[in-house]
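Reader: I would like to see how the labels on this model follow from their definitions. Please set each value against its cut-off.

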Amino acid sequence: MQTIHDEMREVSQVVVRLHATVLAVVGAVVTGMGLFIITVWLVLTGGAQMGVHLQLLKHYFIGYSVSWSGSLLGLWYGALTGGVMGWSVGKIYNGVLLMRQDRF
């Protein structure tokens, strides 16, 4: 008969580690393209107060604006931010997983 300790060891060995690089690429593509598409959509629709809330990103992303050039800069900034966040999440997850496996 297995004890809880043995069952936890089996489960912890089955849990899959994340590839931080793949997660960084996916995060970069999703956030970069997301910011690019949102900016282009706002430029195409226009209006009196075009992208008031999205304009606030210029305080974090130097040179960004809701414009055609801003959409390309947003693509770059979004990809950089998403890549760093994805890589960080992958590394932290793998670190926690490694600590848990050592414990059991």
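**Labels and cut-offs**

Author: In helix H2, the buried residues are Ala20, Ala24, Gly27, Ala28, Gly32, Leu35, Thr39, Val40, Leu42 and Val43. Buried means under 20% relative accessible area, exposed over 50%, and partly exposed in between, with a 1.4 Å probe and protein chains only. Helices are DSSP runs (H or I, at least four residues; strands are E, at least two), numbered from the N terminus. This is a predicted model, in which local features need pLDDT of at least 70 and side-chain atom pairs count only at pLDDT 80 or more, while totals for chains, interfaces and linings use all residues. Residues are numbered from 1 along each chain as its sequence is written, and side-chain values use heavy atoms, with hydrogens and water left out.

Reader: What makes the end-to-end distance of H2 agree with its number of residues?

Author: The expected span is 1.5 Å times one less than the number of residues. For the 26 residues of H2 that gives 38 Å, and the end C-alpha atoms are 37 Å apart, so the two agree. Just after H2, glycine 46 has a positive phi of about 65°.

Reader: How many aromatic pairs are there in the whole structure, and why is the pair of phenylalanine 61 and tyrosine 77 called stacked?

Author: The search finds 2 aromatic pairs. Rings of Phe, Tyr and Trp (its six-membered ring) pair if their centres lie within 6.5 Å; planes under 30 degrees apart count as stacked, over 60 as edge-to-face and the rest as tilted. The centres of phenylalanine 61 and tyrosine 77 are 4.8 Å apart and their planes are at 10°, so this pair is stacked.

Reader: Which parts does that pair tie together?

Author: Phenylalanine 61 is in the loop between helix H2 (20–45) and helix H3 (68–103), and tyrosine 77 is in H3, so the pair ties together parts 16 residues apart in sequence.

Reader: Why is the pair of tryptophan 76 and tyrosine 77 called edge-to-face?

Author: Their ring centres are 5.2 Å apart and their planes are at 65°, so the pair is edge-to-face. Ring pairs link Phe61, Trp76 and Tyr77 into a cluster.

Reader: How do you know whether tyrosine 77 is buried or exposed, and what about tryptophan 76?

Author: Tyrosine 77 has 15% relative accessibility, so it counts as buried. Phenylalanine 61, with a relative accessible area of 15%, is buried. Tryptophan 76 has 51%, so it is exposed.

Reader: Why is valine 29 called partly exposed?

Author: Valine 29, in helix H2, has a relative accessible area of 48%, so it is partly exposed. Arginine 100 is in helix H3 and, at 40%, counts as partly exposed.
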